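Take a look at the chain below and turn it around a few times before reading on. Then we'll walk through it together, from the overall layout down to single residues.

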Amino acid sequence: LQQDRFARQHRMATQADQQSHFERLIENLPVGVCFIDADGKTVLSNPKYDEYVPNRRIPSTEPGRARRWVGLDSDGKVIPPNQYVGARALRGEQVNGQDYRYYPEDGGERWLRLSGVPLYDHMEQPAGAALVIIDVDAEKRNEEMLRQFNQQLEQEVKLRTEALQQALDRLTVEVQERSRAE
C-alpha cells in the first residue's frame, strides 16, 4: 500500500515537473502560443501571444477587438471574423499560415501569420484549440519593397527599350536616306 502511494506521488511529481517544463518552454518561445477553450478563452498562453491578445479572448468572439485584426485569404481578400483562425480551429479545422494586419492600441500596423489546430475531447469533439502567432512584419515589408523595386525596374527597362527603339528607327531612316542618295 505504501509502495502504491509512493509510486502515485512519484507520478504526480513527475507530471508536475513535466507541466512546469512545458510551461517554461511555451513562455520562452519567440512566437505567440495559446491554448484556448471551446469559448475562445485563453487557458494557457505566453507573453508574445498576450502582446497581441491582451484580453485573453480570441478576436472573433469580441467585435470590438476584431476591428484591430484584418484577416486576408490566400488571394488577399478581407475575411470576416467568423473565418479567423481561432474560430475555424474551434469548429474542427486545421488552419495554416493565414496572414493578418494587426493594429495595436498604441497605433501602427504589424503583419502577423496565424495557424491553429483543434484540440479534441475523449468523444472526438473540438474542445478547444492551439493557436500560434508569428510576426512576419519584416518579411511582408521586404516583399512590398521588392515588389516596388521590380515595378521601378520594369518601368526603367520599358523606357530604355523605347529609347533604343526610337534610336534604331532614326538610324534605319538615316541608312535608307543615304542608300537613296547614293
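The chain has 5 helices and 7 strands. Here helices (H or I, at least four residues) and strands (E, at least two) are DSSP runs, numbered from the N terminus. If you read along the sequence, you meet them in the pattern α-β-β-α-α-β-β-α-β-β-β-α. The chain's radius of gyration is 29 Å, well over the 16 Å that the globule rule gives for 182 residues, so the chain is more spread out than a compact globule. (That radius is taken over C-alpha atoms, and the globule rule is 2.2 Å times the number of residues to the power 0.38.)

Before going further, keep in mind that this is a predicted model, where local features need pLDDT of at least 70, side-chain atom pairs count only at pLDDT 80 or more, and totals for chains, interfaces and linings use all residues. Residues are numbered from 1 along each chain as its sequence is written, and side-chain values use heavy atoms, with hydrogens and water left out.

**Overall dimensions**

Taken along the principal axes, the C-alpha atoms of the chain fill a box of roughly 120 × 40 × 35 Å. For a feel of those distances, try Gln9 and Leu171: they are 162 residues apart along the chain, and their C-alpha atoms are separated by 95 Å. Gln9 sits in helix α1 (residues 2-27). With a relative accessible area of 49%, Gln9 is partly exposed; buried means under 20%, exposed over 50%, and partly exposed in between (1.4 Å probe, protein chains only).

How much of the chain is buried? Buried residues make up 26% of the 182 residues. The chain exposes about 12700 Å², and carbon and sulfur atoms supply 52% of that; the areas come from the Shrake-Rupley method with a 1.4 Å probe, and for residues only the protein chains shown count as cover. As for contacts (heavy atoms within 4.5 Å), take those between residues at least 6 apart in sequence: 41% of them join residues at least 24 apart.

**The sheet**

Now find the strands. They make an open sheet of 7 strands, in the order β2-β1-β7-β6-β5-β3-β4, with antiparallel pairing. β2 and β4 (78-79) stand at the edges with a single partner strand each, so one side of each has no neighbour in the sheet. Two strands count as paired if DSSP finds at least two bridges between them. Here are some of the pairs, each with one example of bridge partners:

| Antiparallel pair | Bridges | Example of bridge partners |
|---|---|---|
| β1 (residues 32-37) and β7 (residues 126-135) | 6 bridges | Gly32 and Ile133 |
| β5 (residues 95-102) and β6 (residues 110-120) | 6 bridges | Gln98 and Leu114 |
| β3 (residues 69-72) and β5 (residues 95-102) | 4 bridges | Val70 and Arg101 |
| β1 (residues 32-37) and β2 (residues 42-45) | 3 bridges | Ile36 and Thr42 |

Between β5 and β6 you can also spot Tyr100, whose bridge partner in β6 is Leu112. While you're looking at strands, here's a handy general point: in a regular strand the side chains alternate between the two faces of the sheet.

**The β1-β2 hairpin and Thr42**

β1 and β2 form a hairpin with 4 residues between them, and Gly40 in the turn has a positive phi of about 85 degrees. Thr42 is found in strand β2. Is Thr42 buried or exposed? Thr42 is buried, with a relative accessible area of 13%. Leaving aside neighbours within four places in sequence, Thr42 is in contact with Cys34, Phe35, Ile36, Tyr49, Arg56 and Arg57. Ile36 is also the bridge partner of Thr42.

**Two loop residues with positive phi**

One of those contacts, Arg56, deserves its own visit. Arg56 has a positive phi of about 65 degrees although it is not a glycine. You'll find Arg56 in the loop between α2 (47-52) and α3 (63-66), and at 35% relative accessibility it counts as partly exposed.

Where does Glu124 lie? Glu124 is in the loop between β6 and β7. Its phi is near 65 degrees, again a positive value in a residue other than glycine. Glu124 counts as exposed, at 59% relative accessibility.
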